[in-house]
Amino acid sequence: MFNNVSFGSIGNLFGQSGPKLNYDLGEPYRAGAFGPWTHYRGVSKEDGSAVSVFKFVGNVDQDRVRIATARNGAKRLKLIRHPCVLLVKDSLEVENGPELTIYVVTEAVTPLTEHLRDLPTSTDQMRDDYFALGLRQIATAVSFLSNDCALVHGGVSAAAVVVTDRLDWKLSGFDLVSELASVGRGTNGDARIVHSSFAVPDQYKPEEYRRGDWASVPEGPPWAIDAWGLGCLIQEVYRGEPLQRTDQLRETSRIPPALLKDYQKLLGSQPARRYNPKKLVDNSALFANKLVETTTFLDNLSLKDAIEKEQFFRHLPRVLESLAKPCVERKILPQVAEALVFGSAPALAVHPMLHAAKGLDAETFAARVTPTIVKLFTSSADKTVRMALLENLHAFAEHLPEKVVDETVWPATQTGFADEEPYLRELTLKSTLLFAPKLSQRSHQGMLKHLSKLQTDVEPAIRANTTILLGNVAGYLSETTAKRVLLNAFTRALRDPFPPARVAGVMALVATIAYYDPGECAGRVVPSVAPLCADPDNDVRKNAFECLEAFVDVLKKHSARLERGPEAAAALLAAEAERAGAPKPKGGLLKWAVDAAAKRISGGVGGGEREEEEEEETLDDGALLAASSETGTVHVFRVDTSTSSDGDRERDGGDGGDDAADGAAMIVEPPAGGIDWDLDLGVEVEIEPTGEAPTVVDAPEGGIDWGIAVEDVAPAEEDDDAAADGGFSLDAAMASVATIDVSSTATAIAARVPFHARLRDQDFRAALVNELSELAAFFSQRVADSRSPETTSLLASAPASIQRSSAPDVLADLRAAVLAPVATLRAARTRKLLLIASSERYARRLASELESKARAEGKLKKALTDLEDRRRSTREERARASARGAALRRALREKRAHVERAMGKMFKGRVVNVIGEISNVLAE
C-alpha cells in the first residue's frame, strides 16, 4: 500500500515559487556525457563564472530505474570529494507534472573525447607526457574508490572522464557506483551497477560483468571491474576514438612500450590477477617524465624541505622550456601562483612563475597572474618575496592596470623607501621608473617626498641613483611640479661627495634642459656647474664641461632673441615652447647608467647569472665600485658609514672630490631643515622609520645594475674548535672560517691565511680535490703492486719497518684516509655549509625559511588540537544521534504495528503488513 507513496520534489511543494537553477545554460557539448545525462556549458548568474551543468530528464512513471540511477550518480558525486573526482557545486530536482528534471552543477569541464580532438601539445613526446599525466590522475581516482572506499565505479571509460581548464583529468559518471559488498547480493540488493548495468556498453565490461555473475564480484579484489575499465580508457586515449568492439583491446601498436606490460595486466582474464591501479600509479615507468614529476612535486610542495624547494625552483625555468606551452600556462603556472600566495613556495618561485607566464596575452595574464601579483604585494610579509617581485618587475609591469598600480600596488611598494635594508630601498627606487607612468599626480607628490629623503641616504649608490631616477621620471610630472623640483634636486646632487652622484646630477641637468628658462640657466645652473670643471675626478670634469657647453648654447640663442627686444624674445621663447609641447628629458638617464656600467665592469664584476657557490671576489668593507667614464676605467671609492665630524662630511669647494679620490670617509648629511625642493605637497605620505641602522643586503644574482655596485665582505666569526678525533672535519673547518686577508703575492696568502679559511675559495677546493685524487690513485696502484709476486719477494729482504708500511692493508687504509676528505668536499652537504659560511644572504634566507617552517609547525599543531576537539565532539554527537535514531525506530515500529492492527480489523481480521520505504528505514 505504502510502496506507491511519492514524496515529490521541493519544487512541487512551492509551485512556481520553488527553487530555481541559479545558472544559465549554454550550448551542449557534442560529445555525449556518461549515461543518460546531457552536458551543457553554463554561467553563474551571481558572478559570471563558467560552470558545467549536467541535465537529466525522465518520466516519473515510466523511467523509475533511470531516475534512481541518475539520483545515485548525483548523490555519489556530492558525497565523494577527491582532487581527481569531478567537483559538484550545486544540484536541483524540478518536477513538472510527470516530468522530472535533475540538474548537477559542477566546475567547468570539457568531455575528454572532445578535448582529445584539440590536444594542447606540439610533438608526439609532449603528447605522450600529457597523456601520462592525465591517465595517472584517473588511475589515482580509481585507486581511491577501490582501495580506500571499497566502491565499484562500474563505468570507467573515456565517456566518464572530463578535463578542466587547468588540464586536470577528473573522473565523473558515478551513476553505477556501488558498495562492493552490496554487489554480491545481486538483484536482491540495492547496488545500482546490478540494476542498471545496461547503461555501460558490453565492450567496456569484463567477462564476469557482462554475464552478470554478481556473486563472484565480492570474491575478487575491489578494483577488478574498474581495472578493466582503466585498460579500456588507455586504449581509447591512444587510439583517439571510442572503443567499438572488445577485440580492439588486443591492438597494442599504439600503446607506449613503457605502459604495455601494465596495460596487459589491467586486462587480465582472471579478476583476482588484474593489476591494482595503485601499483600502476606508483610503479609505472610511463610516469617518469618531466611534466609528471614537476606537477607531482608542486602537488606535494608543502611536504618538501627548504633545500628541495630551492633546488626545484632554481631549475624550474629550464624545465619549463622542454614542456608543452599549454601545459606550462594552464597547469604549472596556476600551481606555482597558488603556492606563492599560500606561502608554501619560497621567494625564488617568483621568477619561474613569470617565466611560465611569458607570452600570455593581456587578457589571460590579467586573469591568471595579476591577482597573484597584487596579493603578494599587499599580503605577503616576507621581504624576500617583495625583493623577488621588484627584481622581476620588468616582466609584468606593463600588464598591471593603472588603477591597480595607483590604488593597490604602489601604496604597498612605497613602504620600501624607508626599509632598513639598503638593497630593498634600492629596488624600490628602481621600480619607481616602471610605476611612474601609471601613477596619478597625487601619487607623484608622495613619490617626490620619498625621493627627497633618499637624496640624503647613507648609501652613496642610492643617492646617485635617486638623481638618475628623478631625471627619468621628470616627463611624468606636471610641468609646474617639474620646474619647482628638478633644479633644486639636481643642484643639490652637484655638492654630493660621491663622484658618481655628482656625475648623475650634471647629466640630469643636461637631459632636462628644456625645463629651465634662460634666467635659471644663467643664475643657477651655470654657477653651480662651473666649480665642477676643477673637480679632482676626471669623469665629473668631463661631464661638467659638456653641461656648460649645452647651457651656454641655450644662453647664446636667447641672447640672439633679445636683440629684437625683451617682449619679442619672450614671445619667441613662448612660441618655441608651444611648438615643442611639454618638455621631456632628452634621453634615458637610467639607460646611460646601465650601458656605462656594462662597459666599465665588463671584466667580471657582476656580469651574468652564476650558481651561488661561485662567490664573487669582493673589495674590503665599505669599498664601492664606481664607473668613472666611457673609457672603461674603474675607480674604487671608500664610503665609511661610521659617524664623523661635520667638517669631514661637508664638501668645501673641491676638497670633497680630493677626499673621495684619496679614499677618505664621507657621508652626505642632510641640512638642518632637510633638502629644500620647493615642494608644495598636498598629500602627506609618511612612513615611520624603524629606528635601526640600515644593514647591507647582498644583491642577488642577475640583479639590476645602475652603474653603482656596492660590495661588502662580512668578516666571519672565528671558532677554534677542532675535530675531536683530529681527522678531517668539515664542520670544524667551516665553523672556524676567518676573514681572508689577501696579500699581494701567493706566498703571502699561503702564509697568512689559515687552511680552513681557504676552503671558501672554489679554485682552492678544486685544486685540493685534484691533488687528493691523484694521491688516492697513487695509493691504489701501490696496493695493487704490493700484492704482486715480484713486490712480495723484494719486501721479504727489506727491513721490518718498510715491510709494515708497505703492507696492502696499511696502504688501503692510507687510500681510504685520503678519499675521506675528497668525499666530504664533494658532498651536497659540504656545498650547503660553504654557502652558509660565505654568503650572508643565503644564511639569512635559510634562517627565514626555518622560521617559516617553525610557524607552520605551530599552525599544524594547533590545527591538530582543533581537529582532535572536533573529532571528540563529533563522536559525542554521533552517539547522541544514534540514541535518538534508535528511539525513533522503536516509536516507528510501534506506529507500524498499530497501523497494521487497525487495518487488520478493517479487513475482518486479516493479517496486514506495511511494506515499502519504512521497511528500509527500520532495517538500517
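Student: Why does Leu167 count as buried?
Tutor: Its relative accessibility is 1%. Buried means under 20% relative accessible area, exposed over 50%, and partly exposed in between, with a 1.4 Å probe and protein chains only. Leu167 is therefore buried.

Student: What kind of model is this?
Tutor: This is a predicted model, in which local features need pLDDT of at least 70, side-chain atom pairs count only at pLDDT 80 or more, and totals for chains, interfaces and linings use all residues. Residues are numbered from 1 along each chain as its sequence is written, and side-chain values use heavy atoms, leaving out hydrogens and water.

Student: Where does Leu167 lie?
Tutor: Leu167 is in the loop between β8 and β9. Its phi is near 65°, a positive value in a residue other than glycine.

Student: Why is Ala150 called partly exposed?
Tutor: Ala150 has a relative accessible area of 37%, so it is partly exposed. Ala150 sits in the loop between α4 and β7 (151-152). Phi of Ala150 is also positive, near 55°, and this residue is not glycine.

Student: What makes a stretch a helix or a strand?
Tutor: Both are DSSP runs, numbered from the N terminus: helices are H or I over at least four residues, strands E over at least two. The protein chain has 39 helices and 13 strands. Of its 924 residues, 45% count as buried.

Student: How do you know that β8 and β9 pair?
Tutor: Two strands pair if DSSP finds at least two bridges between them. β8 (residues 161-164) and β9 are joined by 3 bridges and run antiparallel. In this pair, Val161 stands opposite Leu171 in β9.

Student: Which strands make up the sheet that holds β8?
Tutor: The sheet is open, has 3 strands in the order β6-β8-β9, and pairs antiparallel. Its edge strands are β6 (109-111) and β9 (169-171), each pairing on one side only. Neighbouring strands are turned by 40° against each other on average, direction ignored.

Student: Which helix lies across β8 and β9?
Tutor: Helix α4 (residues 124-148) does, running at about 25° to β9. Axes are lines fitted to C-alpha atoms, for helices over the stretch in contact, and angles run from 0 to 180 degrees between N-to-C directions.

Student: What is the order of the strands in the sheet of 5 strands?
Tutor: The order is β1-β2-β3-β5-β4, in an open sheet with antiparallel pairing. Its edge strands, β1 (23-28) and β4, each pair on one side only. The twist from one strand to the next averages 30°.

Student: How many bridges join its strands β2 and β3?
Tutor: There are 6 between β2 (residues 38-44) and β3, in the antiparallel sense. Val43 stands opposite Ala50 in β3. β3 (residues 50-59) is also joined to β5, by 9 bridges and again antiparallel. There, Ser52 faces Thr106 in β5.

Student: What joins β4 to β5?
Tutor: 8 bridges join β4 (residues 88-96) to β5, and the two run antiparallel. Glu93 stands opposite Ile102 in β5. The hairpin of β4 and β5 has 2 residues between the strands, and Gly97 in it takes a positive phi near 70°.

Student: Why is β5 called largely enclosed?
Tutor: In β5 (residues 99-107), 8 of the 9 residues are buried, so the rest of the structure largely encloses this strand. Helix α2 (residues 64-79) lies across β3, β4 and β5, at about 155° to β3.

Student: Why are α8 and α9 called oblique to each other?
Tutor: The axes of α8 (residues 224-239) and α9 (residues 257-266) come within 8 Å and cross at roughly 135°. Angles under 35 degrees count as roughly parallel, over 145 as roughly antiparallel, 65 to 115 as roughly perpendicular and the rest as oblique. The two helices are therefore oblique.

Student: Which residues make that contact?
Tutor: Contact means heavy atoms within 4.5 Å. Among the residues involved are Trp228 and Ile234 of α8 and Tyr263 of α9.

Student: What does UniProt place at residues 369-408 and 525-563?
Tutor: The unreviewed UniProt entry places "repeat: HEAT" at both spans. Such annotations may be inferred rather than shown by experiment. In the model, residues 369-408 are 65% helix and 0% strand, with end C-alpha atoms 15 Å apart. Residues 525-563 are 77% helix and 0% strand, and their end C-alpha atoms are 23 Å apart.
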